[in-house]
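Visitor: I would like to learn how to read a helix, a buried residue and a pocket. Could you take me through a case?

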Amino acid sequence: MHAVVLVSGGAAVTPFTTPDAAASTGLAAGNTMTAIREHLLAAGRTVFTAPARIGAGEVTEDTGWQGFDGVPEVLPAEVTINSVGRIDAAGASLAAFLRLLADRERLESVDLVGHSMGGLFSRSAIRQLSEGGGPAVRRLVTVGTPWTGALLGDIVAGALSPDDAGADAGTRSILEQSVEYARANSQGAAEEVSEAYLNGESGWNAAQRGALDGIPVTLVAGRHFASESSPELLWPHDGLVSTRSSRADLVASEVLPNRAVHEVADVHSIFFADAFGLDWSKALTWDPEVLGIIDEAL
């Protein structure tokens, strides 16, 4: 049997869902994965959502913005992603979840769809599955994933500053709030989602060499904010991730040998859509065009 597993990103809270059961109130699969889940189920695919929360523990509800309640099944903390933790720790939890799911559902293989840092968590899990056993990963789709860093991580690392926003007031506001948010919430994620940590010959990406061999990867990048052209580390971006990062422009072919790249004029998530007065269809995980790209990739 084969299934699609959805993996949410940094600071996300997501319930465990199956093809037949999801949160009974609010957004059924959390505020990043609900539309993707519904679209893929309607296309006849077998879809599960990996549980994730802010901090270690179990997912019982999300009392935050556009949250959920009535989780059909609460899985143990050891198979639940800490969405503000270190990449490889989240990858270990995801790998444990995939092994549990494979045993329960008799899965031989999975496709992974990761939003934002969920793409990095997925990559870590793929490597750990190859080393420790588990279901085969057939395909990977990353949506707005910071392959070489995110705005939050790069400003925490000192590589960006609010002055890099130029005359774009929205981008300046994002950068100004990033450090405060990271200090209040990060348990390792913000420090690792920077170009300094991820890229370069001794960076995290280089340590993943070989993990994606034989796995087709589809990358979807957003570029809603494009009023400036430099620095390239920042512009253009989707509100959280630069377009060059989500396209994996700087990732070597030895790390990412089989890629197909798509680019849309979207913001990172419905949180950013709301913040900037946009329809949710202009958010990466709710845009019908992106949903079609994901379906076709699988």
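Guide: We will go through one helix, one strand residue and one pocket. This is a predicted model, where local features need pLDDT of at least 70, side-chain atom pairs count only at pLDDT 80 or more, and totals for chains, interfaces and linings use all residues. Residues are numbered from 1 along each chain as its sequence is written, and side-chain values use heavy atoms, with hydrogens and water left out.

Visitor: How many residues does helix α1 have, and what does it reach from its first C-alpha to its last?

Guide: Helices are DSSP runs of H or I with at least four residues, strands runs of E with at least two, numbered from the N terminus. Helix α1 (residues 30-42) has 13 residues and reaches 18 Å, close to the 18 Å expected at 1.5 Å a residue. Gly 44, with a positive phi near 90°, follows α1.

Visitor: Is Thr 218 buried or exposed?

Guide: Buried means under 20% relative accessible area, exposed over 50% and partly exposed in between (1.4 Å probe, protein chains only). Thr 218 counts as buried because its relative accessibility is 10%. This residue lies in strand β9 (residues 217-222).

Visitor: Which residues of α1 are buried?

Guide: Among them are Met 33, Ile 36 and Leu 40.

Visitor: What does Thr 218 contact, leaving aside its neighbours within four places in sequence?

Guide: Contact means heavy atoms within 4.5 Å. The partners of Thr 218 are Leu 140, Val 141, Thr 142, Ala 260, His 262, Ile 293 and Ala 297.

Terms used: Expected span 1.5 Å × (residues − 1).
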